[in-house]
Amino acid sequence: MKHVGHCFCGAVTIEVTGEPAAMGYCHCRSCRSWSGGPVNAFSLWKPEAVRITEGAQHVETFSKTPLSQRRFCKKCGGHLMTNHPPLELIDVFTATIPTLAFAPGVHVNYSETVLPMRDGLPKLKDFPAEFGGSGEMMQE
């Protein structure tokens, strides 16, 4: 399966292939601030599954922490993806790839939520243990 997406102005085209490693919601302050919303819907992909196919010259990267390299279009400011080098995964904004059937499986960093969600999905205090978090579950 291949999905094609664009930044806000269309100058940058990205392509993801295959299936995401995971999909869900992040409630951390950084993701909320970056996305401009109360929660960030993520889709995590192996780096080899993500390509910028047009407009690479318009892509800029901002790194607030070593965990995240946030990539955006410098023409329109549209957010594209976040590289997570320690995890060896790339978070592609689900809104950027509209043909992806978003099927969230988890909430991460739920201890920081500002929008409680009662959807029956697992809610992790921070990250899964395999990603360096506690793996601790929270109540809905």
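1. Contact here means heavy atoms within 4.5 Å. Keep in mind too that this is a predicted model. With that in hand, start at His3, which sits in strand β1 (residues 2-6). Leaving aside residues up to four places away in sequence, His3 touches Ile14, Glu15, Val16, Trp45, Ile97, Thr99 and Leu100.

2. Is His3 buried or exposed? His3 counts as buried, because its relative accessibility is 6% and the cut-off for buried is under 20%. The His3 side chain also has a polar partner: it reaches the backbone nitrogen of Leu100 at 3.5 Å. Leu100 is also on the contact list of His3.

3. Now the sheet. It is an open one built from 7 strands, and if you walk across it you meet them in the order β6-β7-β8-β9-β4-β3-β10, with mixed pairing. At the edges are β6 (59-65) and β10 (106-108), each pairing on one side only. On average, neighbouring strands of this sheet are turned by 30° against each other, direction ignored.

4. For a detail inside that sheet, look at β4 (residues 40-45) and β9 (residues 89-92). These two run antiparallel and are joined by 2 bridges. Take Leu44 as a place to look: its bridge partner in β9 is Asp91.

5. Which residues of the largest nonpolar core touch the most other members? They are Trp45 and Val92, in a core of 17 residues. The elements giving two or more residues to this core are β2 (13-17), β8 (79-84) and β9. There is also a second, separate core of 9 residues, with Cys28, Phe42, Val106 and Val108 among them.

6. Val92 is worth a closer look. Not counting residues up to four places away in sequence, Val92 touches Ile14, Val16, Phe42, Ser43, Trp45, Val50, Leu80, Met81 and Ile97. Some names come back from point 1: Ile14, Val16, Trp45 and Ile97 are also among the residues that His3 touches.

7. Last, the cysteines. How many disulfides does a search of the whole structure find? The count is 0. Cys73 is in no disulfide, and its nearest cysteine sulfur, in Cys7, is 3.8 Å away. Cys73 is buried, because its relative accessible area is 0%.

8. Why is Cys76 not bonded to Cys9? The two sulfurs are 3.7 Å apart, and Cys9 holds the closest cysteine sulfur to that of Cys76, so the gap is too far for a bond; a disulfide needs the sulfur atoms within 2.5 Å. Cys76 counts as partly exposed, because its relative accessibility is 28%.

Methods
Residues are numbered from 1 along each chain as its sequence is written. This is a predicted model: local features need pLDDT of at least 70, side-chain atom pairs count only at pLDDT 80 or more; totals for chains, interfaces and linings use all residues. Side-chain values use heavy atoms; hydrogens and water are left out. Helices (H or I, at least four residues) and strands (E, at least two) are DSSP runs, numbered from the N terminus. Buried means under 20% relative accessible area, exposed over 50%, partly exposed in between (1.4 Å probe, protein chains only). A polar contact is a pair of N or O atoms within 3.5 Å; within protein, one must be able to donate a hydrogen and the other to accept it, and residues adjacent in sequence count only if both atoms are side-chain atoms. Two strands pair if DSSP finds at least two bridges between them. Axes are lines fitted to C-alpha atoms, for helices over the stretch in contact, and angles run from 0 to 180 degrees between N-to-C directions. A nonpolar core is a set of buried Ala, Val, Leu, Ile, Met, Phe, Trp, Tyr and Cys residues joined through side-chain atoms within 4.5 Å.
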